[in-house]
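User: I am new to protein models and would like a close look at one part of this one: the charged side chains, which partners they have, and what lies around them. Could you take me through it step by step?

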Amino acid sequence: TLSEHAALITELERKTGLNRALENLPDDEEIQRRMRLGHGLTRPELAILQAHAKIAFTWDLLGSDIPSSKAMEGRLLRYFPEKLSKTYAREIMNHRLKREIVCTTLASSMINRMGPTFVRERMAKSSARPEDVAKAYIIVRESFGLRDLWREIESLDNKIPALVQLKAFREIAHMTERTVAWFLARLAQGQPLDINKDIAAFSSGVKILRDRYESYVPPGLLTLINSTVKAQVEDGLPEALARNIALMPVLSSACDIIRIAGAEKADLPLIAKVYFQVGAHFHLDWMRTQASYIPANDHWSIEAIDGLVDNLFAAQAGLTLRILKDMAGELAVKKSGKAGMETSIVAIWTDSHGQQARMLEPLFTDLRKASNIDLPMLMIADQKLRSIYAA
């Protein structure tokens with residue numbers, strides 16, 4: 001948005017000496033006029049802002065340990081022609097400009113994929129450093145195999161409508177934003193980011209969740225995924241790519257599911273099934289969708305809505321953990337194959353342990369009947385849910 005772009009311009013003026021007059025960028029008075037009219041930056045202005053954001057981010061990364069990470073070796077080799085990288089790999093690894101090449105190409109790639117304000121926004125919302133945002137982004141990109149997806153979408157240039165490609169890129173970006181935020185939140189809780197270790201820890205779990213989604217998503221969500229795949233295939237996407245794009249909202253929760261499964265030493269698809277049953281039973285997916293429809297006309301409204309959405313994701317993870325602990329015996333039976341998964345674990349828990357959850361049913365009934373959903377209504381629902389799993 002223009003307000004975010006304006007904040008970045010101000011920061012770059014202070015940080016890198018950006019000269020608005022020299023670069024033909026609007027001054028504060030012009031920005032205020034455009035905000036009143038609902039206008040934004042022009043394409044040339046965005047290009048200038050993007051270029052300066054790349055320069056500033058490159059400077060931030062040069063002092064970090066990212067260029068020496070093993071995960072960056074491939075980036076350095078890809079910078080050179082293939083024949084050179086195959087013949088002189090050892091020499092390239094010792095190149096005197098290794099750090100500059102890695103940081104420049106990484107900064108350029110991140111901002112091209114996520115936009116010029118991405119790093120600043122993530123830092124503001126998590127108090128992370130620029131290199132922390134970069135590390136989280138690298139972990140997500142590698143764990144979720146995003147380079148292959150981007151390459152597939154780009155290979156369809158001039159073969160399908162550009163709008164279809166842009167929608168696919170946007171779905172990936174939304175998942176990336178959510179998952180980068182997840183890693184930065186974990187960092188704020190005292191768990192450092194380790195690029196190589198975290199990629200190894202999460203990539204196999206993401207693959208399992210992607211490949212076996214039909215075994216754990218609820219029927220309603222499965223129908224939505226299949227209809228989305230069908231629509232995207234009709235738009236021109238190959239079926240496998242369309243399915244991967246349709247799964248982006250599901251995979252936004254992959255890290256929570258993998259973390260819970262690891263902590264509980266439980267079967268990943270089984271944990272995923274409970275997690276998504278929780279989402280359906282407590283209307284969490286619906287509430288997050290309603291939050292996205294609430295008008296946000298200023299920075300504070302955007303922050304409040306984003307915080308609520310994060311809380312609703314946290315509620316889904318917290319409720320899942322609470323149910324797993326309460327239903328450990330029943331889940332052990334199901335895991336052993338002595339019983340099927342036809343009956344919802346959440347429904348069984350609600351009957352046997354969830355007296356507080358049953359008391360919330362009138363609240364959800366009122367919410368679903370309301371003609372307009374506002375922020376206070378969803379905040380109250382979030383507080384009630386939190387009292388269940390925090391008890």
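Analyst: Let's begin with a term we will need throughout: a residue is buried when its relative accessible area is under 20%, exposed when over 50%, and partly exposed in between, using a 1.4 Å probe and protein chains only. The model is predicted, so local features need a pLDDT of at least 70 and side-chain atom pairs count only at 80 or more, while totals for chains, interfaces and linings use all residues. Residues are numbered from 1 along each chain as its sequence is written, and side-chain values use heavy atoms, leaving out hydrogens and water.

Now to the charges. The structure contains 27 salt bridges. That name is used for a side-chain nitrogen of Lys or Arg within 4 Å of a carboxyl oxygen of Asp or Glu.

Take Asp-132 and Arg-129 as an opening example: their side chains form a salt bridge with 3.1 Å from N to O. The two partners sit in different settings, because Asp-132 is buried at a relative accessible area of 6%, while Arg-129, at 45%, is partly exposed.

Another pair is Arg-178 and Asp-256, a salt bridge whose closest N and O atoms are 3.6 Å apart. Here distant parts of the chain are linked: Arg-178 belongs to helix H12 (residues 162-188) and Asp-256 to helix H17 (residues 254-264), with the two positions 78 residues apart in the numbering. Helices here are DSSP runs of H or I with at least four residues, strands are E runs of at least two, and both are numbered from the N terminus. Arg-178 and Asp-256 are both buried.

Helix H17 comes up again with Glu-264, whose side chain meets that of Lys-325 in a salt bridge of 3.3 Å, N to O. Lys-325 is in helix H20 and Glu-264 in H17, so this pair ties together parts that are 61 residues apart in sequence. Is Lys-325 buried or exposed? At 55% relative accessibility, Lys-325 counts as exposed, whereas Glu-264, at 29%, counts as partly exposed.

Salt bridges can also join up into a network, and this is what we find for Glu-30, Arg-33, Arg-34 and Glu-45.

Next comes a charged residue without such a partner. Arg-75 lies in helix H5, which covers residues 73-79. Although buried, Arg-75 has no salt bridge; Glu-142, the nearest side chain of opposite charge, is 6.7 Å away. For this purpose Lys and Arg count as positive, Asp and Glu as negative, and His and the chain ends are left out. What does Arg-75 touch instead of a salt-bridge partner? Setting aside residues up to four places away in sequence, its contacts are Val-102, Thr-105, Leu-106, Ser-109 and another arginine, Arg-141. A contact means heavy atoms within 4.5 Å.

A polar residue makes a useful companion to these charged ones. Gln-277 is part of helix H18 (residues 268-281) and is buried, with 12% relative accessibility. Beyond four places in sequence, Gln-277 is in contact with Pro-218, Ser-344, Ile-345 and Val-346. Its C-alpha atom is 9.6 Å from that of Gln-316, although these two glutamines are 39 residues apart along the chain.

Gly-115 gives us a residue in a loop, located between helix H8 (98-114) and H9. Gly-115 is also buried, with a relative accessible area of 18%. From its C-alpha atom to that of Leu-61 is 17 Å, and 54 residues separate the two along the chain.

Finally, let's turn to the nonpolar surroundings. In soluble globular proteins, nonpolar side chains tend to be buried together. A nonpolar core is a set of buried Ala, Val, Leu, Ile, Met, Phe, Trp, Tyr and Cys residues joined through side-chain atoms within 4.5 Å. The largest one here has 117 residues, and Phe-282 and Met-287 touch the most other members. Helix H20 (residues 299-326) contributes the most to this core, with ten residues. That is also the helix that holds Lys-325. Leaving out residues up to four places away in sequence, Met-287 touches Phe-282, Leu-312, Phe-364, Leu-367, Leu-378, Ala-381 and Leu-385.
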